[in-house]
There are 2 protein chains.
Amino acid sequence: MADEPSEPVAIRLQAAGHRVTRPRLAVVAALRELGEHHTADEVHAHLIRRDTPLPRTSVYNSLVLLADLGVVMRADIGPGAVVYEAADAWHHHFVCRSCGSVHDVPCVIGTPPCLSPGGDVGRVDEAQVIFRGICRNCLGDAQ
Amino acid sequence: MADEPSEPVAIRLQAAGHRVTRPRLAVVAALRELGEHHTADEVHAHLIRRDTPLPRTSVYNSLVLLADLGVVMRADIGPGAVVYEAADAWHHHFVCRSCGSVHDVPCVIGTPPCLSPGGDVGRVDEAQVIFRGICRNCLGDAQ
DNA sequence: GAATTATCTGTACATTGTTCATGTACAGAT
DNA sequence: ATCTGTACATGAACAATGTACAGATAATTC
């Protein structure tokens, strides 16, 4: 379970000049075990269930760092929710306005930044696309 | 000031089967006066300064409805912040990871949905793009 | 103008994320 | 082997943001 994907997390941390610590490894492991998209507090809860608890702040700190390094993906899908994901391929998200479910949408380019703004705004590191609409399930249910 | 852009807000509310109420008109007016991007609480504060206060809940309710109707634009630019804007043309946003400033990025298509996901996820109403990077000011400051 | 009902209002709360002070563990120098 | 500086973890309290609810109000319909 939880095989290292491309580059082991430890190597990537070191390469960026950061330390390899228990909280950081635990957070990545938790995201892999959970799969899909999860909030920081869901990761926190999972670690408690797993009997490897971590302070909430540590989970937040680790997620921010890991996301900045590109080890985990962060998606701002709307009010009161930032979700993280242990994914390798850069992709986007579809959010259902009815049930709130989140689905992955492959990115045709594959690596950020996959789009570029028209004007000259500065250095663009990534372009995150959020699709909104009604998912197939909800379309079937009502109307 | 605050001329009606294309269709008056009142008409658009009625057309969608909603009532034309003071809070809704006040929220749109506030967004126009403020210009740019602002949070719900900033709108709330502005209305107090203007001596036309509104309960915070009413501001939130109105913004959600107005955004769903497409009268105002909503942008999820990251943790702890949903910003609204009284804009006519559909566009995207660039967020600076250093100073947090938000800049408009024109959309080449102009009307949502300007992109479409690859697979068949359901009905897509809009595609919101968030560009992240370092803005020109911050690039100039420190390297 | 009166009835109907969506909407407003205000309070209280839940959730999410951040700040801060303290303690700890690692790495290089002595 | 010990010292020293720095990055990091920890825990608690805080701040910001968004939501639920129940009674009062006002926009529309007749």
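**Note on the DNA strand D contacts and the six-stranded sheet**

1. In this predicted model, a base nitrogen of DNA strand D sits 2.9 Å from an N or O atom in the side chain of T57(A). That is a polar contact (a pair of N or O atoms within 3.5 Å; within protein, one must be able to donate a hydrogen and the other to accept it, and residues adjacent in sequence count only if both atoms are side-chain atoms). R56(B) also reaches a base: one of its polar side-chain atoms is 2.5 Å from a base oxygen of DNA strand D. H18(A) goes to the backbone, with a polar side-chain atom 3.3 Å from a phosphate oxygen of DNA strand D.

2. Elements giving two or more residues to the surface near DNA strand D are α2 (22-34) and α4 (56-69) of chain A, plus α4 (56-69) of chain B. Helices (H or I, at least four residues) and strands (E, at least two) are DSSP runs, numbered from the N terminus.

3. DNA strand D is surrounded by 19 residues. Near means a heavy atom within 4 Å. The closest include T21(A), G80(B) and V82(B).

4. Now the sheet. Six strands form an open, mixed sheet in the order β5(A)-β4(A)-β6(A)-β6(B)-β4(B)-β5(B). Pairing requires at least two DSSP bridges. β5 (102-106) of chain A and β5 (102-106) of chain B are the edges; each has a single partner strand, so one side of each lacks a neighbour in the sheet.

5. Within chain B, β4 (91-96) and β6 (122-135) run parallel over four bridges. C96(B) has G133(B) as its bridge partner in β6(B).

6. Conventions: residues are numbered from 1 along each chain as its sequence is written, chains are lettered from A and ligands numbered from 1 in the order written, and side-chain values use heavy atoms, without hydrogens or water. Local features need pLDDT of at least 70 and side-chain atom pairs pLDDT 80 or more, while totals for chains, interfaces and linings use all residues.
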